[in-house]
Amino acid sequence: MARKPAPPRAWQRMLSGRRLDLLDPSPLDIEIEDIAHGLARVARWNGQTRGAHSFSVAQHSLLVEAIAAHLNPDWSQGWRLMALRCCTTRRNTSSAT
């Protein structure tokens with residue numbers, strides 16, 4: 001009798017030790033520390049910046065959020081989180097706007 005093929009699996013071991021199923025991710029498998037650590041290790045603009053050190057996505061995100069909060073002190077926490085999300089979301093910059 002022929003056996004059914006196993007369903008495809010793809011997972012990533014996170015720094016916290018959790019396994020993240022890439023084909024069926026669950027919010028329960030995501031730790032904010034894993035995200036923060038990963039963003040701190042990714043160079044902004046592929047490292048194409050001047051200076052002794054690269055500028056990380058984490059640094060850029062926190063700087064943009066701080067500027068947004070300074071310019072808009074009445075923003076709710078939701079709007080401030082939106083500023084963070086805009087910093088970390090990869091956008092297609094090749095299309096005309």
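1. A quick word on terms before anything else: helices and strands here are DSSP runs, numbered from the N terminus, with at least four residues for a helix and at least two for a strand. Keep in mind, too, that this is a predicted model.

2. With that in hand, take a look at Ile30. This residue sits in the loop that runs between β2 (19-21) and α1 (32-40). Together with Ile32 and Ile35, Ile30 makes a nonpolar surface patch of about 280 Å². Ile30 counts as partly exposed because its relative accessibility is 42%, and partly exposed covers the range between under 20% (buried) and over 50% (exposed).

3. Now for the charged pairs. The count of salt bridges comes to 2. One of them joins the side chains of Arg18 and Glu31, at 2.7 Å from N to O. That pair ties together distant parts of the chain, 13 residues apart: Arg18 is in the loop between β1 (11-13) and β2, while Glu31 is in the loop between β2 and α1. Arg18 has 33% relative accessibility, so it counts as partly exposed. Glu31, at 24%, is also classed as partly exposed.

4. Another salt bridge is formed by the side chains of Glu65 and Arg80, with 2.5 Å from N to O. Here the link is between two helices, again distant parts of the chain: Glu65 belongs to α2 (residues 57-71) and Arg80 to α3 (residues 77-88), 15 residues apart.

5. Are the two partners in that helix pair buried or exposed? Glu65 is buried, because its relative accessible area is 14% and the cut-off for buried is under 20%. Arg80 comes in at 35% relative accessibility, so it counts as partly exposed.

Conventions. Residues are numbered from 1 along each chain as its sequence is written. This is a predicted model: local features need pLDDT of at least 70, side-chain atom pairs count only at pLDDT 80 or more; totals for chains, interfaces and linings use all residues. Side-chain values use heavy atoms; hydrogens and water are left out. Patches are made of residues with over 30% relative accessible area and no salt bridge: like charges are joined within 9 Å, nonpolar side chains (Val, Leu, Ile, Met, Phe, Trp, Tyr) within 5 Å. Accessible areas come from the Shrake-Rupley method with a 1.4 Å probe; for residues, only the protein chains shown count as cover. A salt bridge is a side-chain nitrogen of Lys or Arg within 4 Å of a carboxyl oxygen of Asp or Glu. Buried means under 20% relative accessible area, exposed over 50%, partly exposed in between (1.4 Å probe, protein chains only).
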